[in-house]
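Please look at the chain below with its charged side chains in mind. The report that follows it is meant to be read side by side with the picture.

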Amino acid sequence: MTAAGAWADAVRAVLLFCTHPFWFGGIAVRASAGPVRDRWLGLLQSALPPDAPLRRVPPNVTDDRLLGAIDLAATLQTGRHTYQRGLLAESDRGVLVLPMAERLLPATAARFCRAMDEAESCRFGVVALDEGIGAEEHAPSSLLDRLAFHIALDQLTVRDTEIHEPAQWSSAGQCVVAPDAALDALCSTAAALGIGSARAPLLAIRVARAAAADAGRTTVTDTDLAFAVRLVLAPRALCLPTSAPDADTARELADSGEDTAGTERPLEDVLVAAAKAALPPDILPRLGAVARGTGQRATGRAGKARSSSLRGRRVGSGPGALKAGARLDLLETLKAALPWQRLRHPPAFQQAPRILVRRDDFRVIRFRQRSQTTTVFAVDASGSSALHRLAEAKGAVELLLDDCYVRRDQVALIGFRGLEAVVLLPPTGSLLRARRCLAGLPGGGATPLAAGIDSAAALAVAESAKGRTPVIALLTDGRANVTRNGSSSRREGEAEAMESGRRLRQAGHAVLLVDTSPRPNPFARSLADEMHARYLPLPYADAASLSRAIRAVPVM
């Protein structure tokens, strides 16, 4: 789609949204701060009714400010319980703007989702300004699923925004009929694009009805459905459709505005083609990679989020004891004690100026911090073919250590050959120490695969006990030919490896199995399935590709 068409869709989306914000859920805007986004927000503010409230919500908003709580200052001043309305109640029949929506905490996003689903005390629309970089940094998916319009302004310039002059939507109260075939076609299109949420086609039919009313029609047409597909379904696409209808037809339909009624072409094919035409050219390769299961995550990784009462990012407060290092949240403690003052003061001292605080009222500050990540390389050092893989493992460890030095993460190396597995490099972030240990890494002998998995699992348990998040990378050709007691038996060796992999799966660690065979080994694939590990056949792997694969392993 051209830049002019993208801006025209963005303008039309904001005009439709402002008529009934809560009916459409909201708009997700993918754009960084700049004049293009500012001009679009100016259109949003001018299109809203004069009496519709518009509130901005910071990403670190507290539950008290969002949902409402006791106004401590007013309560202490008047001596009576005074409650302060939250942002959700203040934005009733209006719009909430969420800047930096990609930084919104999952718990905060859940508050918005629940309020949007219930819609009893207040009804509002949400404008999520997503400033994330790359495909992996985005607003919470639970919130995006409830927003009808998904638009992208990051590829537009200021000159593109001067092409179309907005016009107010004059058909807000018009009744529009949507045929059953239209909803069936939208559901089929959503399934072809890999969209599993039932909200997407329901929101799409709402947008199609609004587009028809905007054009003065009383029945939804193919043009209205194509508009809904471009702004609702296409941005949610998770895969390419199995059939590949001609995208030029849908592009001509979108540009000319002509209807396809009366043609013999199935409506589902037209809508799928409209979705493909709405995708930018650079998105198609990424969607194809996701469909094949080879999509990569962004470079860099972080460990699990752990709760803490000492350090990290503040995420609120809760009941707790004043132990060593705990920080008292004075305001929340006073708010918890205020409702009980009439019961705690004797009748003769109802007007006592003091606030009686008990142990149950204590509120301590809660923090959340990311733990360090320890990448454990378990390298099959048996046989002549493994000698080539050792060089690749050395290069990958050195590449990862460059990032670990910045993030203060750890890297460990285990080599298994002959009859045992040995920890050659304990968890460390020292590049010099790692290079010294890697330089003397030996190779040759049998393949004690079960011993290698057990050693990696034991090291992962030890790192978990230290508060770190372990990630295991197992490099092997899958040819287990020795048992734990040293006897040469491929069948028993494979059975023991499966048993070790089953125990590793029960531990819940993130695992990547790199098949280093010249051809993908079926047993290695079966072992990866048993461990619930990501399987990566790399017959011609190098250090750079192996390093990227390690970073792509999701932390469980």
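What follows is a short account of salt bridges and of one buried residue.

This is a predicted model, in which local features need pLDDT of at least 70 and side-chain atom pairs count only at pLDDT 80 or more, while totals for chains, interfaces and linings use all residues. Residues are numbered from 1 along each chain as its sequence is written, and side-chain values use heavy atoms, with hydrogens and water left out.

A search of the whole structure finds 22 salt bridges, a salt bridge being a side-chain nitrogen of Lys or Arg within 4 Å of a carboxyl oxygen of Asp or Glu. The table gives some of them.

| Acidic partner | Basic partner | N to O distance |
|---|---|---|
| Aspartate 130 | Arginine 30 | 3.0 Å |
| Aspartate 145 | Arginine 199 | 2.8 Å |
| Glutamate 530 | Arginine 502 | 2.9 Å |

Aspartate 130 lies in strand E6 and arginine 30 in strand E1, so this pair ties together parts that are 100 residues apart in sequence; helices (H or I, at least four residues) and strands (E, at least two) are DSSP runs, numbered from the N terminus. Both aspartate 130 and arginine 30 are buried, where buried means under 20% relative accessible area, exposed over 50%, and partly exposed in between (1.4 Å probe, protein chains only). Arginine 199, by contrast, is partly exposed at 32%, whereas aspartate 145 is buried at 17%.

Threonine 189 lies in helix H9 and is buried, with a relative accessible area of 0%. Not counting residues up to four places away in sequence, threonine 189 touches Leu233, Glu268, Leu271 and Val272, a contact being heavy atoms within 4.5 Å.
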